[in-house]
Amino acid sequence: MKKSIWLTYDLGVKGDYQHLYAWLDDHKAIECGNNSAYFQLDTQADNDKDLVEQLRRDLESKVTFQPGNRIYVIRKKEGEDGKRTVGSFIIGKRRATPWEGYGQMADCTLEEG
């Protein structure tokens, strides 16, 4: 069965882009803006956990990842409540947001008195 996958990547300045790009090309991925791609994965995975594990193993077999590299995948997940869109890091983890503090949030400080 085919699964739609959106993948974002951050391999830093010295990342293994050559092998990542070859992997994306082999999967007939289309470019979706800076550091993002879409492709359909032909998979026999029975559940979302197996799908994510298949993707991670396949990428790790082709691309040399360094500490700090990140791959985030977005896909549709079928569950008891129907299909929903989910995303997760399969390589690396979430970082602090660079835009924190730029918004126009009101000060929510409570004062007693």
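# A walk around the sheet and its helices

Start at helix α1: the elements that cover its buried residues include β1, β3 and α2. Keep in mind as you click around that this is a predicted model.

**Stop 1: helix α1**

Select L20, W23 and L24, the buried residues of α1. Why do they sit on the same side of α1? Because they cover an arc of only 95° around the axis. There's a handy rule behind this: an α-helix has 3.6 residues a turn, so residues three or four places apart point the same way.

Now spin the view and look at the face of α1 turned away from that buried side. Which exposed residues does it carry? You'll find Q18, D25 and D26 there.

Just past the helix, pick K28, which follows α1 and has a positive phi, near 55°. Then click H27, in the loop between α1 and β2. Is H27 buried or exposed? With a relative accessibility of 18%, H27 counts as buried. Setting aside neighbours within four places in sequence, H27 is in contact with F39, Q40, L41 and D58.

**Stop 2: the whole sheet**

Next, colour the strands. Five of them form an open sheet, in the order β2-β3-β1-β4-β5, with antiparallel pairing. Which strands stand at the edges? They are β2 (30-31) and β5 (82-91), and each has a single partner strand, so one side of each is left without a neighbour in the sheet.

Bring α1 back into view. This helix, residues 17-26, packs on the sheet and touches β1 (2-10) and β3, and its direction makes about 165° with that of β1. Now add α2, which lies across β1, β3, β4 and β5 and runs at about 30° to β5.

**Stop 3: along β3**

Zoom in on β3. How much of β3 is buried? Five of its seven residues are, so to speak, under cover: the strand is mostly covered.

On one side, β3 pairs with β2 in the antiparallel sense over two bridges. Select E31 and you can find its bridge partner in β3, which is A37. The hairpin of β2 and β3 has four residues between the strands, and in that hairpin G33 takes a positive phi near 105°.

β3 also pairs with β1, again in the antiparallel sense, over seven bridges. To see an example, pick S4 and look opposite, where you'll meet Q40 in β3.

Then step off the strand to Q44, in the loop between β3 (36-42) and α2 (48-62). Buried or exposed? Q44 is exposed, with a relative accessible area of 67%. Try the distance tool on Q44 and K3: they are 41 residues apart in sequence, but their C-alpha atoms are 9.8 Å apart in space.

**Stop 4: β4 and β5**

Move over to β4 and β5, which pair in the antiparallel sense over nine bridges. Select V73 and you'll see it stands opposite S88 in β5.

Now click R70, in strand β4 (residues 70-79). R70 counts as buried, at 18% relative accessibility. Where does its side chain reach? One of its polar atoms lies 3.4 Å from the backbone oxygen of K93. Show the surroundings too: apart from neighbours within four places in sequence, the contacts of R70 include T8, Y9, D10, L11, F89 and I91. G92, K93, R94 and R95 are also in contact with R70.

**Stop 5: aromatic rings**

Finish with the aromatic side chains. A pair of aromatic rings is described by the distance of the centres and the angle of the planes. How many aromatic pairs are there? The count comes to six.

Select W6 and Y38. Their ring centres are 5.0 Å apart and their planes are at 50°, so the pair is tilted. This pair links distant parts of the chain, with W6 in strand β1 and Y38 in strand β3, 32 residues apart. W6 is partly exposed, with a relative accessible area of 34%.

Then try Y9 and Y21. Here the centres are 6.2 Å apart and the planes are at 75°, so the pair is edge-to-face. Y9 lies in strand β1 and Y21 in helix α1, so the pair ties together parts that are twelve residues apart in sequence. Y9 is buried, with a relative accessible area of 10%, while Y21 counts as partly exposed at 42%.

Last click: add Y17, which forms one aromatic cluster with Y9 and Y21.

Technical notes
Residues numbered from 1 in each chain as written. Predicted model: local features only at pLDDT ≥ 70, side-chain atom pairs only at ≥ 80, totals over all residues. Heavy atoms only, no water. Buried < 20%, exposed > 50% of the residue type's maximum accessible area, 1.4 Å probe, protein only. Polar contact = N/O pair within 3.5 Å; in protein donor to acceptor, adjacent residues only side chain to side chain. Contact = heavy atoms within 4.5 Å. Pairing = 2+ DSSP bridges. Axes fitted to C-alpha atoms, helices over the stretch in contact; angles between N-to-C directions. Arc of directions from axis to C-beta. Phe/Tyr/Trp six-rings, centres within 6.5 Å; stacked < 30°, edge-to-face > 60°.
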